[in-house]
Amino acid sequence: MVTRFNTTTASEQIHNLSPREIQCIDWVSKGKSSWEIGTILGRSRNTIDFHLKMQCGSWMRPAER
């Protein structure tokens, strides 16, 4: 028998965010651009823009940050 434990963080449970989305939003809050975040996380700028658009919608358009 396998017991599964809930491994989601409080932020993930409350806001329904993936760990990557939380990381992206955290870096944006520190003033990083999509390109800088992509470099830090080893992802493309387009991937970072995707994560931000998925949860932040139009109020955080990458071109306006």
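1. A convenient place to enter this predicted model is the end of helix 2, which is followed by Gly31, a residue whose phi is positive, near 90 degrees. A comparable remark applies further along the chain, where Gly42, just after helix 3, takes a positive phi of about 70 degrees.

2. For orientation, the secondary structure of the chain comes to four helices and zero strands, and the elements, read from the N terminus on, run α-α-α-α. The chain has 65 residues, of which buried residues make up 23%. Among the contacts in the chain with a separation of 6 or more, those between residues 24 or more positions apart account for 37%.

3. Helix 2 spans residues 19–29, and within this stretch Glu21, Cys24 and Val28 are buried. Seen down the axis of helix 2, these buried residues fall within an arc of 60 degrees, so they line one face of the helix. Pro19 and Ser29, by contrast, are exposed and lie on the other side of helix 2.

4. Helix 3, which covers residues 34–41, can be read in a similar way, with Ser34, Ile37, Gly38 and Leu41 as buried residues. They cover an arc of only 100 degrees around the axis, which puts them on the same side of helix 3. The exposed residues Trp35 and Thr39 are found on the other side of helix 3.

5. How are helix 2 and helix 3 placed with respect to each other? Two packed helices are described by the angle between their axes and the distance between the axes. For helix 2 and helix 3, the angle is about 130 degrees and the axes are 10 Å apart. Since an angle from 115 to 145 degrees falls outside the parallel, perpendicular and antiparallel ranges, helix 2 and helix 3 are therefore oblique to each other. The crossing of helix 2 and helix 3 is right-handed.

6. Which residues make up this contact between the two helices? From helix 2 come Arg20, Gln23, Cys24, Trp27 and Val28, and these meet Ile37, Ile40 and Leu41 in helix 3. Sorted by class, the contact of helix 2 with helix 3 has six nonpolar, one polar and one charged residues. Cys24 and Val28 are also among the buried residues of helix 2, while Ile37 and Leu41 are among the buried residues of helix 3.

7. Cys24 deserves a separate look, as a residue of helix 2 that counts as buried at 0% relative accessibility. Leaving aside residues up to four places away in sequence, Cys24 touches Ile37, Leu41, Ile48, His51 and Leu52. Two of these partners, Ile37 and Leu41, are residues of helix 3 that helix 2 meets, whereas His51 is found in helix 4, residues 45–56. Cys24 and His51 are 27 residues apart in sequence, and their C-alpha atoms are 7.2 Å apart in space.

8. Glu21 also lies in helix 2, and a reader may ask whether this residue is buried or exposed. Glu21 is buried, with a relative accessible area of 9%, a value that falls under the 20% cut-off for this class. Its contacts, not counting residues up to four places away in sequence, are with Asn16, His51, Met54 and Gln55. For Glu21 and Gln55, a separation of 34 residues in sequence goes with a C-alpha to C-alpha distance of 7.4 Å.

9. His51, the residue of helix 4 already named, counts as buried at 15% relative accessibility. With residues up to four places away in sequence again left out, His51 touches Arg20, Glu21 and Cys24. The C-alpha atoms of His51 and Glu21 are separated by 5.5 Å, although the two residues stand 30 residues apart along the chain.

10. A last point concerns Asp26, which has its place in helix 2 and which, at 33% relative accessibility, counts as partly exposed. Between the C-alpha atoms of Asp26 and Ile37, which are 11 residues apart along the chain, the separation is 9.7 Å. Asp26 may be set beside Cys24, which at 0% relative accessibility counts as buried.

Notes. Residues numbered from 1 in each chain as written. Predicted model: local features only at pLDDT ≥ 70, side-chain atom pairs only at ≥ 80, totals over all residues. Heavy atoms only, no water. Buried < 20%, exposed > 50% of the residue type's maximum accessible area, 1.4 Å probe, protein only. Arc of directions from axis to C-beta. Contact = heavy atoms within 4.5 Å. Axes fitted to C-alpha atoms, helices over the stretch in contact; angles between N-to-C directions. Parallel < 35°, antiparallel > 145°, perpendicular 65-115°, else oblique. Left-handed = near helix turned anticlockwise from the far one by under 90°. Nonpolar A, V, L, I, M, F, W, Y, C, P; charged D, E, K, R; others polar.
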